[in-house]
Amino acid sequence: NIQMKKSFFFTLLVFFVFSGAFTQPGPLPGAPQYIRSLLNLVNSDGTTTLLDGALTLYSPSYSDSVNAQDARKLSNPGENLGMQRGSTILAIERRQVIPGADSIFFRIWNLRENCNYQLQLITTNLNQPGLTSYLVDDYLKTNTAVDLNGATNINFSINGDPASYDFFRFTLIYATTLNTPLPLTFVSEKA
């Protein structure tokens, strides 16, 4: 019974943090760049219900190593979303500003068969010259472009195929296009 009370209060905390505290527009104080990753259940009427979430903050003052500034994921009895970094699953991760190539390895578990879900990626101020981002779905073998300063919703379903509910089905990739040649325009010619 105590475990159920803890789970209930943790669920309320997650709901508050991910539905209330981050609904204000603009960057979080002291964190100019971030991505909120939300796992939603898609209801039969098309509405969504928040199940879990994760947050990645980017700043030059943060470290890419897992340390005390990061928050480990506490598993709950329902559906879970976390980010795998080495052998650690995180709910909140603080990282250096994206250097041009980076990844978030999502770990999702306790998904229910015959349910429809949505992975909602809400980014703020991640748009940089030449930086692109896409979500890799290893089950469907698809890449979906991700808006670097807005919301991207990816709907997916769970069926009887174990690969549809694989822990590591989704990976967010950041890549740069700055290595491609830039167009040149001659404005004058001197001999």
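The following paragraphs move from the overall fold of this predicted model to the surroundings of strand β4.

The protein chain contains one helix and eleven strands, and along the sequence the helix comes before the strands, in the pattern α-β-β-β-β-β-β-β-β-β-β-β. Of the contacts in the protein chain with a separation of 6 or more, 68% are accounted for by residues 24 or more positions apart. Buried residues make up 40% of the 191 residues, while the accessible surface of the protein chain comes to about 10,900 Å², with 58% of it belonging to carbon and sulfur atoms.

Strand β4, which spans residues 80–85, shows how burial appears in one element: six of its six residues are buried, so the strand is largely enclosed by the rest of the structure. In a regular strand the side chains alternate between the two faces of the sheet. In β4 both faces are covered, since Asn80, Gly82 and Gln84 are buried on one side, and Leu81, Met83 and Arg85 are buried on the other.

The pairing of β4 can be followed to two other strands. With strand β6 (residues 102–109), β4 runs antiparallel and is joined by five bridges; within this pairing, Asn80 stands opposite Trp109. With strand β5 (residues 88–95), β4 also pairs in the antiparallel sense, here over three bridges, and Gln84 stands opposite Ile89 of β5. The two strands β4 and β5 form a hairpin with two residues between them, and Gly86, which lies in the turn, has a positive phi of about 65 degrees.

Methods:
Residues numbered from 1 in each chain as written. Predicted model: local features only at pLDDT ≥ 70, side-chain atom pairs only at ≥ 80, totals over all residues. Heavy atoms only, no water. Helix = DSSP H or I, 4+ residues; strand = E, 2+ residues; numbered from the N terminus. Buried < 20%, exposed > 50% of the residue type's maximum accessible area, 1.4 Å probe, protein only. Contact = heavy atoms within 4.5 Å. Areas by Shrake-Rupley, 256 points an atom, 1.4 Å probe, with all protein chains shown as cover. Pairing = 2+ DSSP bridges.
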